[in-house]
Amino acid sequence: MEAQSNEIEISHKFQPFFELLNEEMHAEVDTVILTGGRASSKSYNVSLLSLIGVNENEWRVLYSRFTNSSIGDSIKSEVSEKIEVLGYEGLMVDTQFRIESTQNKGFISFKGIKTGSKGQTANLKSLNGFNVFVVDEAEEIPSEDIFKKVFYSIRSVEKRNISILVLNPTTKEHWIWNTFFEKRAVESGFTGIKDNVMYIHSSYLDVNPDYVPENIRKDYERLKIEDPEEYDNVVMGGWISEPKGVLFKRSDLKWFTELPKEGLIVKLAFIDPADTGKDCHSVPVGYLYDNGKCYIEDVLYTDVSVSENVEMTADILNVHKPDYVRVEVNMGGSMYPELLEPRLDKSIMLLPIRETTNKHARIFTMNGFIKRFFVFREDYTHGSDYHRFVNNITQYMADGTSKHDDAPDSCTGLANMVKSFYAELYY
């Protein structure tokens with residue numbers, strides 16, 4: 001490794017990364033998170049590490065992206081180019097989807113995690129024997145569950161096992177932020193080791209200026225002045241608090257940690273039953289006060305089946321005992337009141353309602369009312385129903401293009417309920 005680092009210039013940011021080639025160094029690390037913006041040399045250094053690991057340590061590397069399209073033109077070509085940089089031309093056999101060492105049994109296999117149009121993952125039985133898992137553009141992986149399926153298959157008993165996620169940060173609603181940053185109290189831009197995870201954050205400022213064309217540098221500096229948020233995300237690799245174009249920005253919403261001690265008028269809830277397996281069953285419970293503010297005290301937000309969520313719905317309602325509960329009975333919800341009512345406390349009045357207006361139009365029309373009069377918990381638990389509920393609201397796009405609208409739709413249902421039942425508070 002020393003001989004190679006003398007010939008190839010490596011930023012000080014990546015020195016700990018290459019120390020992973022030494023089995024005795026950073027033994028606690030089994031996951032590496034590489035974040036950064038454009039021209040930050042993330043992929044360059046991962047390619048070098050993978051090839052050196054194969055040649056010197058007999059590593060067996062699964063090098064992937066979530067999708068398997070254009071692998072040969074993207075991640076594969078990036079790694080192949082570094083064979084010459086390292087002077088490994090006579091030491092490697094480079095084929096379409098594989099690079100093998102001629103000196104040992106080490107290799108790099110290139111394949112996508114997603115293998116079908118419906119998001120099926122690669123055959124995990126075929127992953128036995130790998131000890132390094134590299135995911136380029138890891139922000140494309142839609143859930144932690146998909147990542148973990150492959151992560152758990154990287155289990156060599158002979159060599160250290162390492163999973164490397166390479167990404168350009170997106171919004172703070174992404175599971176990578178939630179799992180590796182928020183839950184671990186790790187700040188954006190951190191470089192160092194926390195528990196079993198090594199974090200390396202780089203930008204073009206960490207790269208030799210000769211490697212970044214002058215016109216590109218000038219454009220970065222222009223962007224820094226004209227659009228600081230875009231510069232921070234795209235160029236510097238910072239995480240975005242909220243995507244552009246959302247209808248409900250976090251900064252526009254009101255938040256609370258404790259309910260007011262006086263002024264409670266009524267408790268209300270709205271049920272938006274899931275129509276399909278891809279929808280979420282959403283039940284916000286609101287505490288309405290005499291100042292017109294409706295505090296969303298609790299939420300049920302789940303994608304389990306009706307046979308399971310009807311009991312869960314009864315549980316949350318029986319705990320809070322709202323005076324009135326509206327149930328949307330469009331499509332799949334038509335039978336829901338009949339299933340739910342026998343399970344409810346007798347004090348709770350169940351009110352079926354059939355919505356006839358366009359869903360996005362309803363949400364858009366009521367967004368100002370929600371921002372002004374609804375108050376959301378800010379002390380919710382990471383990964384909880386409330387967390388997922390808030391995420392869904394703050395990801396909803398103002399142009400109505402969002403695939404999932406269950407949380408904002410149920411909030412809108414509750415808002416219409418509040419406004420119609422207690423109109424005197426608002427006029």
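## Exercises on a predicted model

Ser47 is buried, because its relative accessible area is 0%. The model is a predicted one, and the exercises below start from this residue.

### Exercise 1. Ser47 and its helix

Task: Find which helix holds Ser47, and list which residues Ser47 touches beyond four places away in sequence.

Solution.
- Step 1. Ser47 is found in helix α3, which covers residues 42–57.
- Step 2. The relative accessible area of Ser47 is 0%. Buried means under 20%, so Ser47 counts as buried.
- Step 3. With residues up to four places away in sequence left out, Ser47 touches Tyr63, Glu78, Val79 and Lys82.
- Step 4. The rest of the helix can be checked in the same manner: 13 of the 16 residues of α3 are buried, and the helix is mostly covered.

### Exercise 2. The length of α3

Task: Work out what span helix α3 should have at 1.5 Å a residue, and set it beside the distance between its end C-alpha atoms.

Solution.
- Step 1. Helix α3 has 16 residues.
- Step 2. The expected span is 1.5 Å times one less than the number of residues, so α3 should span 22 Å.
- Step 3. The end C-alpha atoms of α3 are 21 Å apart, which agrees with the expected span.
- Step 4. Look just after the helix: Glu58 takes a positive phi of about 60° there.

### Exercise 3. Val85 beside α3

Task: Decide whether Val85 is buried, partly exposed or exposed, and find what Val85 is in contact with.

Solution.
- Step 1. Val85 lies in helix α4, residues 75–86.
- Step 2. Its relative accessible area is 40%. Partly exposed lies between the limits of 20% and 50%, so Val85 is partly exposed.
- Step 3. Leaving aside neighbours within four places in sequence, Val85 is in contact with Ile8, Tyr44 and Leu48.
- Step 4. Val85 and Leu48 are 37 residues apart along the chain, and their C-alpha atoms are separated by 8.7 Å.

### Exercise 4. Strand β7 and its partners

Task: State how many residues of strand β7 are buried, then name the strands that pair with β7 and the sense of each pairing.

Solution.
- Step 1. Strand β7 runs over residues 162–167, and six of its six residues are buried.
- Step 2. Take the two faces in turn. Ile162, Ile164 and Val166 lie on one side, Ser163, Leu165 and Leu167 lie on the other, and both faces are covered.
- Step 3. Strand β1, residues 31–36, runs parallel to β7 and is joined to it by five bridges. In this pairing, Val32 stands opposite Ile164.
- Step 4. Strand β6, residues 132–135, also pairs with β7 in the parallel sense, over four bridges. Here Phe133 stands opposite Ser163.
- Step 5. Add helix α5, residues 144–151: β6, α5 and β7 make a right-handed β-α-β unit.

### Exercise 5. Helix α6

Task: Explain why helix α6 is described as largely enclosed, and name the elements that its buried residues pack against.

Solution.
- Step 1. Helix α6 covers residues 175–182, and seven of these eight residues are buried, so the helix is largely enclosed by the rest of the structure.
- Step 2. The buried residues are Trp175, Ile176, Trp177, Asn178, Thr179, Phe180 and Phe181.
- Step 3. These buried residues pack against β1, α5, β7, β9 (197–202) and α12 (385–394).

### Exercise 6. The second largest pocket

Task: Find how many residues line the second largest pocket and which element gives the largest share of the lining.

Solution.
- Step 1. The pocket has a volume of about 420 Å³.
- Step 2. Its lining has 23 residues, and those nearest its centre are Ala39, Ser40, Ser41, Lys42 and Tyr44.
- Step 3. α3 and β7 each supply at least two lining residues.
- Step 4. The largest share, four residues, comes from α3.

### Exercise 7. Strand β13

Task: Describe how strand β13 is placed between its partner strands β12 and β16.

Solution.
- Step 1. Strand β13, residues 294–302, has eight of its nine residues buried, so it is largely enclosed by the rest of the structure.
- Step 2. Strand β12, residues 281–289, pairs with β13 in the antiparallel sense over eight bridges. Tyr295 is the bridge partner of Tyr287.
- Step 3. β12 and β13 form a hairpin with four residues between them, and Gly292 in the turn has a positive phi of about 85°.
- Step 4. Strand β16, residues 374–377, runs parallel to β13, with three bridges joining them. Ile296 stands opposite Phe376 in this pairing.

Technical notes. Residues numbered from 1 in each chain as written. Predicted model: local features only at pLDDT ≥ 70, side-chain atom pairs only at ≥ 80, totals over all residues. Heavy atoms only, no water. Buried < 20%, exposed > 50% of the residue type's maximum accessible area, 1.4 Å probe, protein only. Pairing = 2+ DSSP bridges. Right-handed = clockwise from strand over helix to strand, strands pointing away. Contact = heavy atoms within 4.5 Å. 1 Å grid on protein atoms, 1.4 Å probe; cavity = no way out; pocket = protein on both sides within 12 Å on 5 of 7 lines; lining within 4 Å. Points joined across faces, edges and corners; volume = space filled by probe spheres on them.
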